[in-house]
Amino acid sequence: MIRLAPKVLSRIVRSKVSRINLSLTYDCNQRCKTCNIWKINRENPSLKDQEMKLYEIERIFDMNRDILWVSLTGGEPFLRQDIDRILRRACSSVNIVNITTNGSLSNKVERGVIETLKINKRFSLIVSISLNGNREIHNAISGVEHSYEKAMETYARLLNINDRRLRINLEYTISKHNLGQLKYIDTPNVIISIATNTPYARISGDVDFAVSVKEIKEEIKYLKYDHDVHGIIQELFLQRLTSERSNPKCVAGEYSIFVDPYGKIYNCSYFTGGEIGDLRKSNYKIVLNGDRNKIENCKKCWSSCEAYPTIIFRPWRIL
Ligand code: SF4
Ligand code: SF4
């Protein structure tokens, strides 16, 4: 991260899309209570064929060489047959790659990471494994028996890989389903998300899992972070998340974009402002339509997805 400082500074002066939040597939082998993504391809199998192929994802990297950071997400990205090649390609092309997994496919995750680290280049690879409580609660939230054991096995295997370019996190999503449980996760540097009813997660109508700021404050007070760049960013995110002040303006559409598995570009995973580009229609070059300063229906949220790039590229907004 520190190595990137000169590049980040140059972009602070002149804003430029620097990070892609790229959803690789809507396939998922869990059935979480806080997310309906897993239903998309099951209910309409023809949609699976419309997801971007490997050559299209490679083309995104070819056509956008000034991207610094790619977040790979899903669905469960390790369900893709070509995930090893995507991961290697991402780490060959950009400086920071983070990937989120439910950790259910221990062999595949471990192999993908080991193969990627064979690349002879400097990069940061951050793997976040979802863990949402103790065995009973995690399995109940994921809707899949033994998902806790699998996630913990994947976490343990990755911790055994010794490479300074690799960082392994547990990612914990706070919701009504696991309130009061975070203090029992005896691991430092846990990454926090808050369950919300985003259009991306395909939750609509009244939700019963949203938590209040007061509940979040109570939940996170036992967390501990290293005093490195990652720890500082996470602490800044949490401070602002639990602050009484209104949320800072995020950098969605300015420094960061969300790309769905079909190549459609949105400002953020709330799809706020609607579709603002289509990689398949622009030869995979990022071309944005619309005025970033007039994003319609913005929730003025402080979601972790957009908070991290905001802290990095527009740090004064959180002061
Ligand atoms: S939260 Fe993640 S693991 Fe759970 S159903 Fe949604 S995509 Fe799958
Ligand atoms: S504040 Fe939230 S809803 Fe608005 S653009 Fe940023 S991430 Fe999207």
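**Close-up views of a predicted model**

**View 1. C301 is partly exposed, with 18 other C-beta atoms within 10 Å.** The model shown in this and the following views is predicted. The count of 18 lies between the limits of 12 or fewer for an exposed residue and 20 or more for a buried one, and C301 is therefore classed as partly exposed. C301 belongs to the loop that runs between β9 (275-278) and α11 (304-313). K249 is 52 residues away from C301 in sequence, yet their C-alpha atoms are 8.6 Å apart in space.

**View 2. Ligand 2 is surrounded by 13 residues.** C301 is among the closest of these, together with C250, A252, C268 and C298. By class, the shell around ligand 2 comprises seven nonpolar, three polar and three charged residues.

**View 3. The surroundings of ligand 1 comprise C28, Q30, C32, C35, I37, W38, G74, G75, E76 and N102.** Five residues of this shell are nonpolar, four are polar and one is charged.

**View 4. The largest nonpolar core contains 64 residues.** The members that touch the most others are V70, L72, A90, V94, V97 and V259. A second core, separate from this one, has seven residues, including Y26, C28, I37 and I141. Of these, C28 and I37 also belong to the shell around ligand 1. In soluble globular proteins, nonpolar side chains tend to be buried together.

**View 5. V259 has contacts with I20, L22, S23, I265 and L279.** Neighbours of V259 within four places in sequence are left aside in this list. V259 is also one of the residues that touch the most other members of the largest nonpolar core.

**View 6. Helices α4 (residues 54-63) and α5 (residues 83-93) pack with their axes 10 Å apart.** The angle between the two helices is about 5°. Since angles under 35 degrees count as roughly parallel, α4 and α5 are therefore roughly parallel to each other. On the α4 side, the contact is made by L54, I57, E58 and F61, which meet R85, I86, R89, A90 and S93 of α5. The contact of α4 with α5 consists, by class, of five nonpolar, one polar and three charged residues.

**View 7. Helix α5 has buried residues I83, I86, L87, R89, A90 and C91.** Among them, I86, R89 and A90 also take part in the meeting with α4. Besides α4, the elements against which the buried residues of α5 pack are β2 (69-73), β3 (96-101), α6 (106-116) and β4 (124-130). A90 is, in addition, one of the residues with the most contacts to other members of the largest nonpolar core.

Terms used. Residues are numbered from 1 along each chain as its sequence is written. Chains are lettered from A and ligands numbered from 1 in the order in which they are written. This is a predicted model: local features need pLDDT of at least 70, side-chain atom pairs count only at pLDDT 80 or more; totals for chains, interfaces and linings use all residues. A residue is near a molecule or strand if its C-beta atom, placed from the backbone, lies within 6 Å of it. Ala, Val, Leu, Ile, Met, Phe, Trp, Tyr, Cys and Pro count as nonpolar, Asp, Glu, Lys and Arg as charged, and the others, Gly among them, as polar. A nonpolar core is a set of buried Ala, Val, Leu, Ile, Met, Phe, Trp, Tyr and Cys residues joined through C-beta atoms within 7 Å. Two residues are in contact if their C-beta atoms, placed from the backbone, lie within 7 Å. Axes are lines fitted to C-alpha atoms, for helices over the stretch in contact, and angles run from 0 to 180 degrees between N-to-C directions. Helices (H or I, at least four residues) and strands (E, at least two) are DSSP runs, numbered from the N terminus. Angles under 35 degrees count as roughly parallel, over 145 as roughly antiparallel, 65 to 115 as roughly perpendicular and the rest as oblique.
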